[in-house]
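Please look over the sequence and the structure below before reading on. The report that follows takes up the metal sites, the ligand and the cysteines in turn.

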Amino acid sequence: HAKHQGRGRAEIYTDALALEAEDRAELERDLLRGLEREEFLLEFQPQIDVASGYAVSAEALVRWAHPERALVMPGAFVPVAEESGAIVALGDWVMSRVCQTAARWAQTGVHQRIAVNISTRELAQADFFLRLRHAIATHGTPPAMLELEITESLAMEMDPRVLEQLRALRRDGVRIAIDDFGTGYSNLSRLKELPVDRVKIDRSLVRDIATSAEARTIYSAVVGLIQGLGMEVVVEGIESEAQMDVLRVIGCTLFQGYHLARPTGEQEYLAQFGARPGVQVRDAG
Ligand code: C2E
Ligand code: MG
Ligand code: MG
Ligand code: MG
């Protein structure tokens, strides 16, 4: 049992990718047990439209309230869950919780979508869409309250069956976003064929934007490409006002990052961003 492992466990979670096989197996068992014991929770981070200053949507981010540790971040267990297949059970829990929360928000007048991360392994399940629709039906969630975030690499490799399912969801009102765009190799001509509403540009592209002309040039070109295809840009990882200034000039309006807000629990999120007017952000001008 985990309790007997003592201090050595700290490292297990700090760098899941460096784990040896048996530690991974143990983490996997812990994960499944954690799911049974409902040790997971969601935090929410706002996506803010600077034109209005309001949060327009929230990204749901999973955390593990491990009984013997501080809150464990997804970087330490999602990769292992993906490799072992436990991500399917974890993803089911996340989706169910998101659908339940989104339904409640809709009922109480919080008209903000909730974006949920979907990993490759989940989407590869033949019954993924069936289970998603089941969660929506179970909780009576308005599909227009939901957004699916899929990674760039996955989006580029999607088979026709999955694409058709995503199109159907989109017709029902679910929004589709590409996550971490700009980190992988993209077939850019393929981008326009994907059923996608939003593209979240990876935060690695934002980092040097206030200090490097090259970084600005690249960002600006990526934004132009996405907007030119009729999709919305979401800036990920905004950490300073200087970065925001540059990005507003480039034409970005949707921002998510520590500079505006860190992910927080639902109650705190609703207290801060649930009612309009929400956050005070300097006018887009
Ligand atoms: P992501 O989907 O790209 O989520 C954004 C990550 O960046 C989050 O980390 C968020 O807290 C962090 N972040 C937001 N603003 C800033 C900023 O200004 N600076 C920096 N440095 N970071 C910022 P988090 O919560 O640790 O999640 C990491 C990744 O784990 C996510 O990346 C996503 O790929 C995965 N993940 C999180 N929740 C889930 C989930 O429910 N299901 C699945 N399959 N994956 C998840
Ligand atoms: Mg995401
Ligand atoms: Mg991302
Ligand atoms: Mg990601």
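## The site of ligand 2

Which spacing do the donors of the magnesium ion (ligand 2) follow along the chain? They follow the spacing E-x57-N-x31-E-x29-D, and the protein donors themselves are Glu59 (OE), Asn117 (OD1), Glu149 (OE) and Asp179 (OD), which lie 2.0 to 2.2 Å from the ion. Donors are here N, O and S atoms within 2.8 Å of the metal (3.2 Å for Na, K and Ca), and since water is not among the atoms, sites may look incomplete.

This is a predicted model, in which local features need pLDDT of at least 70 and side-chain atom pairs count only at pLDDT 80 or more, whereas totals for chains, interfaces and linings use all residues. Residues are numbered from 1 along each chain as its sequence is written, chains are lettered from A and ligands numbered from 1 in the order in which they are written, and side-chain values use heavy atoms, with hydrogens and water left out.

## The site of ligand 3

The magnesium ion (ligand 3) has as its protein donors Asp179 (OD), Asp180 (OD), Glu236 (OE) and Glu236 (OE), at 2.1 to 2.5 Å, and along the chain these follow the spacing D-D-x55-E. The two magnesium ions, ligand 3 and ligand 2, are 4.0 Å apart, with aspartate 179 coordinating both.

Aspartate 179 is buried, at a relative accessible area of 5%, whereas aspartate 180 is partly exposed, at 25%. Buried means under 20% relative accessible area, exposed over 50%, and partly exposed in between, with a 1.4 Å probe and protein chains only.

## Ligand 1 and its surroundings

Around ligand 1 there are 23 residues, of which Arg63, Asn117, Asp179, Glu239 and Tyr258 come nearest; a residue is counted here if one of its heavy atoms lies within 4 Å of the molecule.

A polar side-chain atom of aspartate 180, which is also a donor of the magnesium ion (ligand 3), lies 3.1 Å from an oxygen atom of ligand 1. Glutamate 236 has a side-chain N or O atom 3.2 Å from an oxygen atom of ligand 1, while glutamate 239 has one 2.5 Å from a nitrogen atom of that ligand. Taken alone, ligand 1 exposes 800 Å², of which the protein buries 84%, the areas coming from the Shrake-Rupley method with a 1.4 Å probe.

## Cysteines

The whole structure holds 0 disulfides, a disulfide being a pair of cysteine sulfur atoms within 2.5 Å. Cysteine 99 is buried, at 0% relative accessibility, and cysteine 252 is likewise buried, at 2%.

Terms used
Polar contact = N/O pair within 3.5 Å; in protein donor to acceptor, adjacent residues only side chain to side chain.
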